[in-house]
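This report looks at a single protein chain and at the contacts between its side chains. Please keep the sequence and the 3D view at hand while reading.

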Amino acid sequence: MIERVHDAMFHWYRRVGHASPGARALEPPGVVAAVVPAARERAVANAVLFRSPAELEAAYDEVAAAYADIGANWTVWVQPEGREAATALLSDRGHVFDADPAAMARTLAKPPPRPPADALEDWTA
């Protein structure tokens, strides 16, 4: 299940990286980094995801420079797979472990019925 959450986060941060003026998403192989100048003080917006510690290491200097250019607080989402190597890499570069969020999920025997298209009011107005 955590793999699905992680995959969804890659898509989310690609969107975040294009959601405001000047924002961009860096995508070196195996890495996505949302660079959001409009929220430079928010590490949750300026965040990095990676597929493997080796790919994070290869992209680290490029990503760190992009965040330095905008003076951002930033974070790296570290998944259980490869945690030790990634944590060592980040620690060696001055990062401090500050949280251990976990995804929550529940298996449904049968998905709930989908509401009709007009069930919600139009929030785009």
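The report goes from the overall fold to the nonpolar cores, then to the aromatic rings and the charged pairs.

## Overall layout

The model is predicted. The protein has three helices and four strands, and from the N terminus on these elements follow the order α-β-β-β-α-β-α. The C-alpha trace spans about 50 × 35 × 25 Å along its principal axes.

The protein has 125 residues, and 32% of them count as buried. About 8,800 Å² of the protein is exposed, with carbon and sulfur atoms supplying 55% of that area. Among contacts with a separation of 6 or more, 53% come from residues that are 24 or more positions apart.

## The nonpolar cores

In soluble globular proteins, nonpolar side chains tend to be buried together. In this model the largest nonpolar core has 20 residues. The residues with the most contacts inside this core are V48, L56, V63, Y67, W74 and V76. Two or more residues come from each of β2, β3, α2 and α3 (83-92). Helix α2 gives the most to this core, with eight residues.

V63 shows how such a residue reaches other parts of the chain. Once its neighbours within four places in sequence are left aside, V63 is in contact with L26, V31, A33, V48 and W74. A second core of twelve residues is separate from this one and includes Y13, V16, A45 and L49.

## The aromatic cluster

A pair of aromatic rings is described by the distance of the centres and the angle of the planes. The structure holds two aromatic pairs. In one of them, Y60 and W74 are tilted, with 5.8 Å from centre to centre and 45 degrees between the planes. Y60 lies in helix α2 and W74 in the loop between α2 and β4 (75-76), so this pair ties together parts that are 14 residues apart in sequence.

The other pair, Y67 and W74, is stacked: the centres are 4.7 Å apart and the planes differ by 20 degrees. Why does one pair count as tilted and the other as stacked? Planes under 30 degrees apart count as stacked and those over 60 as edge-to-face, so an angle between these limits is called tilted. Together, the ring pairs link Y60, Y67 and W74 into a cluster. Are these residues buried or exposed? Y60 counts as buried, at 8% relative accessibility, and Y67 and W74 are buried too.

## Salt bridges

Side chains of opposite charge can pair when their charged atoms come close. How many salt bridges does the structure hold? There are three. One of them joins the side chains of R51 and D7, with 2.7 Å from N to O. R51 lies in the loop between β3 (47-50) and α2 (53-70), while D7 is in helix α1 (residues 2-16), so the pair ties together parts that are 44 residues apart in sequence. R51 is partly exposed at 43% relative accessibility, and D7 is also partly exposed, at 34%.

Another salt bridge joins R14 and E27, at 2.8 Å from N to O. This pair links distant parts of the chain, 13 residues apart: R14 belongs to helix α1 and E27 to the loop between β1 (24-26) and β2 (31-35). R14 counts as partly exposed, with a relative accessibility of 27%, and E27 is partly exposed at 45%.

E41 and R42 also form a salt bridge, at 3.8 Å from N to O. E41 is partly exposed, with a relative accessible area of 45%, whereas R42 counts as exposed at 51%. The two labels differ because the limit for exposed is over 50% relative accessible area.

## Charges over rings

Two arginines also sit over aromatic rings. The charged end of R51, the residue paired with D7, sits over the ring of F10 at 3.7 Å from its centre. R93 lies over the face of Y60, 5.0 Å from the ring centre. Y60 therefore takes part in a contact with R93 as well as in the ring pair with W74 that ties α2 to the loop after it.

Definitions and conventions. Residues are numbered from 1 along each chain as its sequence is written. This is a predicted model: local features need pLDDT of at least 70, side-chain atom pairs count only at pLDDT 80 or more; totals for chains, interfaces and linings use all residues. Side-chain values use heavy atoms; hydrogens and water are left out. A salt bridge is a side-chain nitrogen of Lys or Arg within 4 Å of a carboxyl oxygen of Asp or Glu. Buried means under 20% relative accessible area, exposed over 50%, partly exposed in between (1.4 Å probe, protein chains only). Rings of Phe, Tyr and Trp (its six-membered ring) pair if their centres lie within 6.5 Å; planes under 30 degrees apart count as stacked, over 60 as edge-to-face and the rest as tilted. A charge sits over a ring if NZ of Lys or CZ of Arg is within 6 Å of the ring centre and within 35 degrees of the ring normal. A nonpolar core is a set of buried Ala, Val, Leu, Ile, Met, Phe, Trp, Tyr and Cys residues joined through side-chain atoms within 4.5 Å. Contact means heavy atoms within 4.5 Å. Accessible areas come from the Shrake-Rupley method with a 1.4 Å probe; for residues, only the protein chains shown count as cover.
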